[in-house]
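Q: Could you take one part of this structure and go through it slowly, explaining each term as it comes up?

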Amino acid sequence: MAPITNQSRGAEVRLTGLGRSYGDNRVVQSVDLTIKGGEILALLGPSGCGKTTTLRMIAGLIEPTEGDVIIDGRSVIGLPVHKRNLGMLFQDYALFPHLTVRENVAFGLEMRGVPKAEIAARADEALRKVRLAGFEARMPAQLSGGQRQRTALARAIVYQPRVLLLDEPFGALDRKLREEMQVELRALCAELGLTTIIVTHDQEEALILADRVAVMEGGRLRQVAPAQEIYHRPATQFVADFMGVTNLLPVTVTGGSAEGLALQAAGVICLSTVAPDLPKGTKATIAIRPESIVMQMGESMPQPNHVTGTVARTAFRGQALSVWLQHQGGEIVAAIPTGQLVEMPQIGTRWTASWPAARTLVVQG
Amino acid sequence: MNDDISPVLKICVWVLLALVVAPLVVPVLMSVSDTPFITFPPQGFTTEWYGKVLTDAEAQGTFLFSLKLAGVVTLISLILGVPCAAGLVRYDLPGQGLILGLILSPLIVPLIVIGVALLQTFAMLGSRATFAQLVIGHTVVCLPYVIRTVSGSFVLVNRSLEDAASVMGASPLTVARRVVWPQVRPGICAGGIFAFIVSFDDYPISMWLADGRNFPVPLFLHSMIERSFDPSIAAMAALMIFFALLLVLMIEKAFGISLARLIS
């Protein structure tokens, strides 16, 4: 095997018109995406959206049927998996059960023809980085889920791959451990300066880990934006829904003014200061996050972004209380932080929901 | 170990085991009988019959021949069976069911029919290569055992380990050697030992294909029964039982746990 000499860190990954079909089934289509050197990007989407297929095409485990994968300015189509010099963390970690932790970590170095003495030193160094020193001689079966994940991570970074690929890396961990590992992984990626691509279906995880988030649906990219922007400014109804915006109201544009764009929904007049300039009569959807809504007891005067209704049901979620308000045009849900809850909304009582014009998003579709 | 197994099931298992093992105990007991003819229950105790069998030149010759035959058959069964099993598990081939059905058919068709069919075929071809004929006949019968156990071990192979290895820079050959082989080795060894035992113990195929110079142990045993009826026959049968038992213990010792996974 030809030795892999390229040790540059943080390669740029460019996908151009990337696609994969199985017969007539186009699992991934026309994906155009550039991941800058050292950037952490999350591929986010529901299961079956093509995100894992995209990741596996970058790795070379699946051949694309259209388009190109360009790493470090060079197309890797036709380059076999083992010559791409990538690191990958698998959902089930894929540790070799017959090898010790150290031997697992050493595998990639061995494949690169690194001298024996150096292998041991570098493997132990990688294990220290993931805070697993002292576990070198254990077998994978003797490790906890978190320790296995760390071993797999050490194994993927030890030979300084050009790109680190993570496939649902935290899926098998419990919530507390997951949060801990997410913060650690973020710090480690920043320290190593690795270009990192994370596949996940968890929007919170994507926001915590990634510089930029690419939302996929039905095999296509729907929106690619920095984490903050994708949270506050989802471009489409699907992205908004997936990012946890549960209030989606169909609206018609009634006119623009200096104050913002006026829109008419069923039973509510809305005003948005963050909408693009749409012509009068355009059909659109407004998206309001439950946590952007303020609830007040009693009726209100008719004014934009205010709606009065009857409390239909409530759900206590710990940090927040979800309140469903039935109004004449439909239903709207608010999440009130429990810490700010003065009066418990009782079912059947009249309340008014309101939200700022700056948080009234207008999305396509 | 498993306290939650129902007592009814336990009894069934023990009864079944007794039914399987009891007939094997009989010749072992008869082989130590201190009488000039076979009796059951045995009278007295002697190891004289074992001595007689083990020093008999004819018996030694036939034993060595059976070893050679079973060895060659095992080798060929593995060479044919391992790639076949791997292919059947790993690829979606047209006519896969048909291929598997054909390979496993010797388990269903009576062996004596296979033997006579092979004899007629070889006769038609005018073949006189008795050893090769025996090898072919035994391989036909042993192949299903190899395919069964080996394909079982390929089904259990964790494919993401292979993906992980190749991403880390392992060439396909290295992946096969370092990742696939350790996972399928128990199945291949077990398949080989099964093939060896099946070939070593075969009577119905050999009966049609053997001749005076190519004479396996089971045929020799049968001819001895026709000639005389002293306990040396039982001693010989007991030796065959011990030999098979030894082989099974060897695989159990080497891969006990992984085999349990394979069968379940």
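A: A good place to begin is a single pair of side chains, R178(B) and E110(A), which meet in a salt bridge with 2.6 Å from N to O; a salt bridge here is a side-chain nitrogen of Lys or Arg within 4 Å of a carboxyl oxygen of Asp or Glu. The model is predicted, with local features needing pLDDT of at least 70 and side-chain atom pairs counting only at pLDDT 80 or more, while totals for chains, interfaces and linings use all residues. Residues are numbered from 1 along each chain as its sequence is written, chains are lettered from A and ligands numbered from 1 in the order in which they are written, and side-chain values use heavy atoms, with hydrogens and water left out.

The pair belongs to the interface of chain B and chain A, where the count is two salt bridges. There are also six residue pairs in polar contact between these chains, both residues being at pLDDT 80 or more; a polar contact is a pair of N or O atoms within 3.5 Å, where within protein one must be able to donate a hydrogen and the other to accept it, and residues adjacent in sequence count only if both atoms are side-chain atoms. On the side of chain B that touches chain A, the elements giving two or more residues are α7 (159-167) and α8 (172-201) of chain B, where helices are DSSP runs of H or I with at least four residues, strands are runs of E with at least two, and both are numbered from the N terminus. The largest share of that side, seven residues, comes from α7(B). By class, that side of chain B divides into nine nonpolar, six polar and two charged residues, with Ala, Val, Leu, Ile, Met, Phe, Trp, Tyr, Cys and Pro counted as nonpolar, Asp, Glu, Lys and Arg as charged, and the others, Gly among them, as polar.

Seen as a whole, the contact takes 17 residues from chain B and 23 residues from chain A, contact meaning heavy atoms within 4.5 Å. The two chains bury about 1700 Å² between them, 67% of it on carbon and sulfur atoms; buried area is the accessible area (1.4 Å probe) that two parts lose on being put together, summed over both. In chain B, R178(B) appears again, for V167(B), M168(B) and R178(B) lose the most area to chain A, together 43% of what that side buries.

On the other side of the salt bridge, we can turn to helix α2 of chain A, which runs over residues 101-111 and is mostly covered, with eight of its eleven residues buried; buried means under 20% relative accessible area, exposed over 50%, and partly exposed in between (1.4 Å probe, protein chains only). The buried residues of α2(A) are V101(A), N104(A), V105(A), A106(A), F107(A), G108(A), L109(A) and M111(A). These buried residues pack against α3 (116-129) and α4 (145-157) of chain A, together with α7 and α8 of chain B. After the helix comes G113(A), whose phi is positive, near 70°.

For the wider setting, chain A has eight helices and 20 strands, and buried residues make up 51% of its 365 residues. The C-alpha atoms of chain A fill a box of roughly 80 × 45 × 35 Å, taken along the principal axes.
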